[in-house]
Amino acid sequence: MDPQSHRYGSTLKDITPPTRQAALDLISRIRPTEYARTRNHIEGAVTGLSPYVTHGLVTLPEILGHLLLHTSLEVGHKLIYEFGWREFFRHVWSHEQDAIFHSLHAGPLPDADYARALPADIRNAATGLSVVDQAVRTLYRTGTLHNHARMWLASYVVHLRRVHWRVGADWLVAHLLDGDLASNHLSWQWVAGTGSHKPYLFNAENVARYAPETWHSPGSVVDRPYAELEAVARGALPAMAPAGAWRSGDCGGRDEGWAEPVLYAEPPEEMGLGTPCAARSLQIEGREVWLVHPWALRPPPPDLPEGTEVIGVYLRDYHQHYPWPEVRWRWVDTAMRAITSERWFIDADTLKNALSGASRVHAVADPHLTHLLAAFTRLEPAPLLFPLADRRCRNFSQWWKRVTKGLTHAEELL
C-alpha cells in the first residue's frame, strides 16, 4: 500500500484504532440529542461505531448500556431507531438466507435491463459529478461512508447509470471497513426498489442541504426535478452518461481519478498467519477451543474452562468470494491479535480436521460464517438489542412495531 497518497486507499493511520478502548471512547462522546438533530448531514454528529459493531468489538446492548449510565432515552429515539435497522437487516437475512443476494421482488425495470459491470469512471471517482466522486474518494480514503452518501451513490449507480444493484453492492461492501452483507446488500435493494416499494432518488437540492460545498452538484445530471429522475429510473428516459467522455488513461482535461484499492482474497504475508500442523492438532486434543473470527473480536467469555485454547480464524472459503483491501485485513488482525494466542488462515474442512480432537469448539454465531462453522462448532448466539421476531416481517415498520410493542423506555430493551 502506498502510504504517501490517499489516491490509493486508506492506511491504518487514517482511521480510528481497532481496539475496544477506542470504541468505548467513541461511545463516551455520543450526544443523542445532537445525533438526532444532525445525523442526516455528511458532517453530522454520527457515532463512528459501525466498524466496531460489525466486527464485534462492541455490541449494541453494550453501547446502549453505556449511554444509559449518563442519560435516559425513549425507545423511539432516532439513535435507537437506527440500531434497529441493523438488527432488522439481520432478521431479513436469517429468514431469506441467500435470497438477499438476489432481487427480493421486481424493481422499476427487469433485472436484465441493468448492466453487470461497474463503469470505470465510477470506480475511479472520475464521473465529473461532485457528489459521486467525493463519496468514492471518501470511501477509498477512510474505509467508511456516511449513510446518506451511500444512498446517493447507490441511487446514482442503479437509477441514473442503470447498473444492477448487486454489482454496486458487491463493490461497495468490498471497500467498507464496516462491510456487513445484510446491511449493505439489503440497503442497496431498498434504494433499487427491489426491497422497497419505490426507487430511492435524490437531486442536487438534497445534496446542497446535507453535504459540504465540495459535494454540491449544481447544473449536473442530478440538478433536475424528481419527476425527471424517476422517469430515468423507470426507463421512460435513457440512462445518464458520465459528465465527460472519461476513459482510463485519458482524463480529458478533468481530474485523473483515484485508483481503486486492490482487493485481496488472502491476507498479506507480513501478517504471519499460519495453518495448524499435526503436532499442533495433538496439543489441542481433549481441550476446549474458543474460535475468534472477524465478526466477533471481543475477548472470550471469562467463564471458559482453564486451559481453553483461543484461536483466531479467517476462513478461506469466505474470502474467496468476498476479498478485502489491505487496510481491512490489518485493522481486523490488529484486534484479533490482541485476544488470541495464534491466528490461522484456513479453509473450513481443514479447520474441522485440525480441531477434531478437541473436547468442544465454541464461537459466536454470525451469518457471515455460520454455514461454514455450524457442522463442528457450538455456536453461541450473538447478543441482540431487540427481541427476536420469529415470523418474517415484510418491512422495517412491521418489524419495529413487533419488537418494541409495549416498550417505552430504552432501558426496557436491556
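The following questions and answers go through a predicted model, taking its confidence, its aromatic pairs and two of its helix contacts in turn.

Visitor: What does the chain average in pLDDT?
Guide: Before any detail is read from this predicted model, it helps to know that 93% of the residues score at least 70. Taken over the chain, the average pLDDT is 93.

Visitor: Over which residues does pLDDT stay under 50?
Guide: Where pLDDT is low, the predicted coordinates should not be read in detail. One such stretch has ten contacts beyond four places in sequence in the model, and another has 13. These stretches are, respectively, residues 1–6 and residues 245–254.

Visitor: How are the rings of Y52 and W331 arranged, stacked or edge-to-face?
Guide: A pair of aromatic rings is described by the distance of the centres and the angle of the planes. For Y52 and W331 the centres are 5.4 Å apart and the planes stand at 65 degrees. Since planes over 60 degrees apart count this way, the pair is therefore edge-to-face.

Visitor: How many residues apart in sequence are the parts that the pair of Y52 and W331 ties together?
Guide: Y52 is buried, as is W331. Y52 belongs to helix α3 (residues 50–54), whereas W331 belongs to helix α15 (residues 326–337), so the pair ties together parts whose separation in sequence is 279 residues.

Visitor: Which residues do ring pairs link into a cluster?
Guide: By the ring-centre rule, the count for the model comes to 23 aromatic pairs. Ring pairs also build a cluster, and its members are Y81, W85, F88, F89, F386, F396, W399 and W400.

Visitor: How does helix α5 lie relative to helix α10, roughly perpendicular or roughly parallel?
Guide: The axes of α5 (residues 78–96) and α10 (residues 181–192) come within 9 Å and cross at roughly 90 degrees. On the α5 side the contact is made by W85, R86, F89, R90, V92 and W93, and on the α10 side by L181, A182, S183, L186, S187 and W190. By class, these are eight nonpolar, two polar and two charged residues. The crossing angle makes α5, relative to α10, roughly perpendicular.

Visitor: How does helix α7 lie relative to helix α9, oblique or roughly parallel?
Guide: Here the axes of α7 (residues 130–142) and α9 (residues 165–175) come within 9 Å and cross at roughly 40 degrees. V136, L139 and Y140 of α7 meet W171, L172 and H175 of α9, a contact with five nonpolar residues, one polar and no charged. The angle of roughly 40 degrees makes α7, relative to α9, oblique.

Methods:
Residues numbered from 1 in each chain as written. Predicted model: local features only at pLDDT ≥ 70, side-chain atom pairs only at ≥ 80, totals over all residues. Heavy atoms only, no water. Phe/Tyr/Trp six-rings, centres within 6.5 Å; stacked < 30°, edge-to-face > 60°. Helix = DSSP H or I, 4+ residues; strand = E, 2+ residues; numbered from the N terminus. Buried < 20%, exposed > 50% of the residue type's maximum accessible area, 1.4 Å probe, protein only. Axes fitted to C-alpha atoms, helices over the stretch in contact; angles between N-to-C directions. Parallel < 35°, antiparallel > 145°, perpendicular 65-115°, else oblique. Contact = heavy atoms within 4.5 Å. Nonpolar A, V, L, I, M, F, W, Y, C, P; charged D, E, K, R; others polar. pLDDT = per-residue confidence, 0-100.
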